[in-house]
Amino acid sequence: MAQRRTAWTRLTTPFANIPASTATTLALAMWVVVIGGWALLSYGRVVPNMFLPTPGTVLQTTYRMSLDGSLFYHTLTSAKVVILGFIVSSVIAVPLGLWMGTYRAVQAPLEPLVNFIRYLPVTSFVPLFILWIGIGIEQRIAVIFFGTFFQQLVMISDCARSVSRDLVNASYTLGTRRSEAVWHVIFPAALPAILDTLRVTMGWAWTYLVVAELVAASSGLGYISLKAMRGFQVDVIFMAIAAIGLLGLITDTAFRIIRARVAPWAA
């Protein structure tokens with residue numbers, strides 16, 4: 001009885017740690033509820049199969065497209081677009097965001113413009129990107145870049161701005177030059193928050209994938225979703241959605257591992 005009370009106290013206490021086995025059990029239980037509800041609605045014909053395919057149908061479609069290699073091809077194409085767009089965005093956003101959050105002279109001219117652009121709908125720029133860049137992979141990478149870059153810039157500047165001023169002043173006392181403070185003091189202090197920002201914006205990059213591949217694309221998970229919609233192939237749409245979600249989960253887990261390895265002090 002005492003052990004049960006202790007376990008319940010941990011579960012109901014804010015920020016309290018729980019055993020890894022309990023966390024795994026809760027996660028599996030949630031998946032059982034979601035997939036069980038899906039199976040109940042589809043196999044029970046509560047929702048017609050035309051609108052909600054059964055889990056078995058989606059698995060059969062996945063197996064069929066895996067055998068002929070088309071699923072791997074489209075998945076690889078989409079992953080290439082997202083990763084390249086995200087890398088280009090991050091390489092520029094991290095240093096610029098640090099400077100923007102550290103130096104008022106950089107923040108003053110950039111912040112109003114960035115805050116204006118980040119509220120613009122990405123979909124409205126797709127026709128312009130096609131006109132300016134063409135219909136190749138560069139256009140899709142540009143959509144991912146535009147959808148994530150300005151959000152990253154604002155969030156990373158906030159990460160730099162939240163670094164303790166006492167820490168920076170202490171570094172000056174210990175002999176750090178002002179020109180070195182950004183990369184030797186502010187960047188390490190903000191690194192855990194920056195990695196969290198990259199993890200979150202990576203999720204946004206995956207959500208913009210379908211937008212990037214809806215127009216003028218001949219491959220990718222977004223492309224096969226649009227093609228399947230025209231043929232009422234709901235099972236293919238569900239398979240593509242699940243593939244994007246799985247890829248997003250993999251990259252999210254990768255960022256969590258990187259954060260634990262690179263910034264273990266922030267655990």
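Let's start with one residue: leaving aside residues up to four places away in sequence, Thr201 touches Phe86, Thr148, Gln152 and Met155. Thr201 is found in helix H9, and the model it belongs to is a predicted one. From this starting point the briefing moves to the helices around Thr201, then to a loop residue, and ends with the chain as a whole.

**Thr201 and its surroundings**

- Thr201 has a relative accessible area of 0%, so with the limit for "buried" set at under 20%, Thr201 counts as buried.
- Thr148, one of the residues that Thr201 touches, is 53 residues away from Thr201 in sequence, yet the two C-alpha atoms are 6.2 Å apart in space.
- A polar atom of the Thr201 side chain lies 2.8 Å from the backbone oxygen of Thr197.
- An α-helix has 3.6 residues a turn, so residues three or four places apart point the same way.

**Helix H7 against helix H9**

- Helix H7 covers residues 137–161 and helix H9 covers residues 181–207; their axes come within 9 Å and cross at roughly 150°.
- That angle makes H7 roughly antiparallel to H9, because angles over 145 degrees count as roughly antiparallel.
- The crossing in which H7 passes H9 is right-handed.
- On the H7 side, the contact is made by Ile144, Thr148, Gln151, Gln152, Met155, Ile156, Cys159 and Ala160.
- On the H9 side, the contact is made by Ile186, Ala190, Ala193, Ile194, Thr197, Leu198, Thr201, Trp204 and Ala205.
- Sorted by class, the residues where H7 meets H9 comprise 12 nonpolar, 5 polar and no charged.
- Thr201 can be placed in this picture too: Thr148, Gln152 and Met155, which Thr201 touches, are among the H7 residues of the contact.

**Helix H8 and its ends**

- Helix H8 (residues 165–173) also packs with H9, at an angle of about 145° and with the axes 10 Å apart.
- H8 and H9 make a right-handed crossing.
- Leu167, Val168, Ser171 and Tyr172 of H8 meet Ala181, Val185, Ile186 and Ala189 of H9.
- This contact of H8 with H9 has 7 nonpolar residues, 1 polar residue and no charged residues.
- Ile186 of H9 takes part in the contact with H8 and in the contact with H7.
- At the N-terminal end of H8, Ser164 acts as a cap, with a side-chain oxygen 3.2 Å from the backbone nitrogen of Asp166.
- After H8 comes Gly175, which has a positive phi, near 105°.

**Ser219, a residue in a loop**

- Ser219 sits in the loop between helix H10 (209–213) and helix H11 (221–230).
- The relative accessible area of Ser219 is 5%, which means that Ser219 is buried, as the value is under 20%.
- Ser219 touches Tyr73, His74, Thr77, Arg140 and Glu213, again leaving out residues up to four places away in sequence.
- One of these, Arg140, falls within the residues 137–161 of helix H7.

**The chain as a whole**

- The protein chain has 12 helices and 0 strands.
- Along its principal axes, the C-alpha trace spans about 70 × 70 × 30 Å.
- Of the 267 residues in the protein chain, 37% are buried.
- Among contacts in the chain with a separation of 6 or more, 71% join residues 24 or more positions apart.
- The pair Thr201 and Thr148, 53 residues apart in sequence and in contact, is one example of such a long separation.

Definitions and conventions:
Residues are numbered from 1 along each chain as its sequence is written. This is a predicted model: local features need pLDDT of at least 70, side-chain atom pairs count only at pLDDT 80 or more; totals for chains, interfaces and linings use all residues. Side-chain values use heavy atoms; hydrogens and water are left out. Helices (H or I, at least four residues) and strands (E, at least two) are DSSP runs, numbered from the N terminus. Buried means under 20% relative accessible area, exposed over 50%, partly exposed in between (1.4 Å probe, protein chains only). Contact means heavy atoms within 4.5 Å. Axes are lines fitted to C-alpha atoms, for helices over the stretch in contact, and angles run from 0 to 180 degrees between N-to-C directions. Angles under 35 degrees count as roughly parallel, over 145 as roughly antiparallel, 65 to 115 as roughly perpendicular and the rest as oblique. A crossing is left-handed if the near helix is turned anticlockwise from the far one by less than a right angle, and right-handed if clockwise. Ala, Val, Leu, Ile, Met, Phe, Trp, Tyr, Cys and Pro count as nonpolar, Asp, Glu, Lys and Arg as charged, and the others, Gly among them, as polar. A polar contact is a pair of N or O atoms within 3.5 Å; within protein, one must be able to donate a hydrogen and the other to accept it, and residues adjacent in sequence count only if both atoms are side-chain atoms.
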